[in-house]
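Me: I should be grateful for a close look at a single helix in this model, set in the context of the chain around it. Please treat the matter as one connected account.

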Amino acid sequence: MYSIETKSLTKSFGDLVAVNDISFSVEKGEIFGFLGPNGAGKSTTMMIFTTLLKPTNGNALVGGFDVLKNPKQVRENIGFVQQETTVDEYLSGRENLLLQAKLNHIPKNEINQRIDEVLDLIELSDKQDEAVVTYSGGMRKRLDIAGGLLHHPRVLFLDEPTVGLDIQTRRKIWQYIKKIHTQFDMTIFLTTHYMEEADSLCDRIGIIDHGKIQVIDTPKNMKNDLGNEIVSLVIESNSNYDSFLLELKKIEFIKKINEDDSKLTLFTSNGTEVIPQIFQISSELGIKIKSISLTQPTLDDVFISYTGHEIRDDDSKFNRRREHAKMKRLRQ
Amino acid sequence: MNTIAYDAYTIFWRELKRYKKSRSGVLIRLIQPAIWIIVVGNIFSETQPLIQSVGFEGEYIEFMAPGVIILTAIFTSIFGGVNTLWDRRYGFMNKALTSPISRSAIAVGKMSAISLIAALQASLIIGIALAIGVTFPNPLMIIPIMGIVILFSLGFSGISVTLAATAKSQETFWGMINLLGMPLFMLSPALFPLELLPDWLAVIAKLNPVTYTILLVRELMTGVSEGGVPILLSVGVIFAFVIAMVAIASYVFTREVNKPF
């Protein structure tokens, strides 16, 4: 039984393809994470799943219902916690939840008990009657999440649940998400551009970049696939660069090489034996090595290996232009 | 039908909660109409002979008080839709759109809240009018007057919600509101009787629903019928205006919120 099933999902805005022919399924009870830089298509996909956008092509079933044919049934079965906090600042915490309960048609005689239940879960019971304007960012986010699960949806969507929060608050939110997951046995679909978040929360991760899914697997498998060690090099390039690369590829333990300007990332199954060989090749070709390091693979490295760039790089250069173009189109 | 009413009430409840918590907003919205009735009412007090020429016996300020009551209703309700833009920008709209409530219930809930708020503001202006010496020959008339103000504001909130749903930015919205609000107020017998307008302006004024609302409120307040417009016609025009605006607003709102913002 799948909670989300999608086939050849495509969404374009004019000639900009935000989501490009993606197909995957999320199993019932799973925490599934969409990992990618800003503008990769994560939020667009989530907006299609939550019936806020209509796909240009393909289809999606959420909680067993088609987002195009039965949007109302989809809405009855989902909770959606947006990236921005959306709680009403001038209402109290409890009033915000009351509003959410009414929007989601929770029967009148159950409303109070449900609100008490989630307030207890997110540990805001003692602050419930204070105006949200007095809450900290983390408390607001918790309240927002509580609102999303008040009606016990089958699928809970969390769009960048910890963006803009400090690291302690972020960890705290992760704890709440795990608690929700065990207590309500919900399927959780989240998007994030924090590796650590995807790693610590998700059963499976889909890496998405430029509107395409690059890979879907468990975080553990992804890291294992890269071999168990990574050698990172920063070099001073010269005309022998290409032959340097060629020679490196010949080393038997090296599985994959990623280039990013002067930085080379070598995925290897035996880093300690690889390093002396690198030095030998570089001295033969007169390539100067400025730094070298040996590390265990992290999801960061997984991301680099599938997309060819670091997740933060994308934030600043390419996507700002892309987002800008998108906004311009939408406004016309 | 039942759920639409329940859903509209949910939105209505939220809008009123927000209104209640913004006490400064209540006062700020009163400043402009208070200036009109106190300042303009006195500036034009010497125009009493003009008013008398069309059969109105009282002070000028009593003549223009109904105009200011409706001015309050116009501006409170036509500004009222602006939070639709905030809701879309700050995610409340998406929250509502991903819940099972219907789109038109959101629009209807907003409009009813706006019209009630406009009526509350108008009643405060009636209070100010009474305080500065305007009299009601029959105080019971305040009940039908409030009914008319609520209905009329519902129509204007429809204009506001329609504009807010189509506008992509605050600037567009405020531009449109300014374009509409003042002319609709000035092209009516709010400050001077219809009979004193040049013919071509009188013709335009007679196409304006504000005209009929002011004539009706003035007749209920002062007992003087003006311009030969029967009460039934005025009531009919107001109802037609309200039904048309609510229908247009629900339709446009539903269509626009389904587009990405």
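Reply: The buried residues of helix 10 of chain A pack against five elements of chain A, namely strand 11 (229–236), helix 9 (241–250), strand 12 (254–260), strand 13 (263–268) and strand 14 (288–295). The model is a predicted one, and the account below should be read accordingly.

Helix 10 of chain A covers residues 271–285, which makes 15 residues. From its first C-alpha to its last, the helix reaches 21 Å, close to the 21 Å expected at 1.5 Å a residue. Which of its residues are buried? They are Gly271(A), Val274(A), Ile278(A) and Ser282(A). These residues lie on the same side of helix 10 of chain A because the arc they cover around the axis is only 65°. The face turned away from that buried side carries exposed residues: Thr272(A), Glu273(A), Pro276(A), Phe279(A), Gln280(A), Ser283(A) and Glu284(A). Just after the helix, Gly286(A) adopts a positive phi of about 70°.

The domain assignment provides the wider setting. It divides chain A into domain 1 (2–218) and domain 2 (227–296), and the C-alpha centres of these two domains of chain A are 41 Å apart.

Confidence should be considered alongside this picture. Chain A has a mean pLDDT of 87, with 93% of its residues at 70 or more. Over residues 313–318 of chain A, however, pLDDT stays under 50, and for this stretch the model has 5 contacts beyond four places in sequence. For chain B the mean pLDDT is 90, and 99% of its residues reach 70 or more. The model as a whole scores ipTM 0.86 and pTM 0.84.

Finally, the partner chain deserves a brief description. In chain B, 19 residues are in contact with 23 residues of chain A. On the side of chain B that touches chain A, helix 1 (2–21) and helix 6 (92–97) of chain B each supply at least two residues. By character, the residues on that side of chain B comprise 7 nonpolar, 6 polar and 6 charged.

Within chain B, Phe136(B) is found in the loop between helix 7 (103–131) and helix 8 (142–166). Phe136(B) counts as partly exposed because it has 18 C-beta neighbours inside 10 Å. Leaving aside residues up to four places away in sequence, Phe136(B) touches Met141(B), Ile142(B) and Met221(B). Phe136(B) and Thr222(B) are separated by 86 residues in sequence, yet their C-alpha atoms are 6.7 Å apart in space.

Methods
Residues are numbered from 1 along each chain as its sequence is written. Chains are lettered from A and ligands numbered from 1 in the order in which they are written. This is a predicted model: local features need pLDDT of at least 70, side-chain atom pairs count only at pLDDT 80 or more; totals for chains, interfaces and linings use all residues. Helices (H or I, at least four residues) and strands (E, at least two) are DSSP runs, numbered from the N terminus. The expected span of a helix is 1.5 Å times one less than its number of residues. A residue is buried if 20 or more other C-beta atoms lie within 10 Å of its own, exposed if 12 or fewer, and partly exposed in between; C-beta atoms are placed from the backbone. The arc is that of the directions from the helix axis to the C-beta atoms. Two residues are in contact if their C-beta atoms, placed from the backbone, lie within 7 Å. pLDDT is the predictor's confidence in each residue, from 0 to 100. Ala, Val, Leu, Ile, Met, Phe, Trp, Tyr, Cys and Pro count as nonpolar, Asp, Glu, Lys and Arg as charged, and the others, Gly among them, as polar. Domain bounds come from an automatic or database domain assignment.
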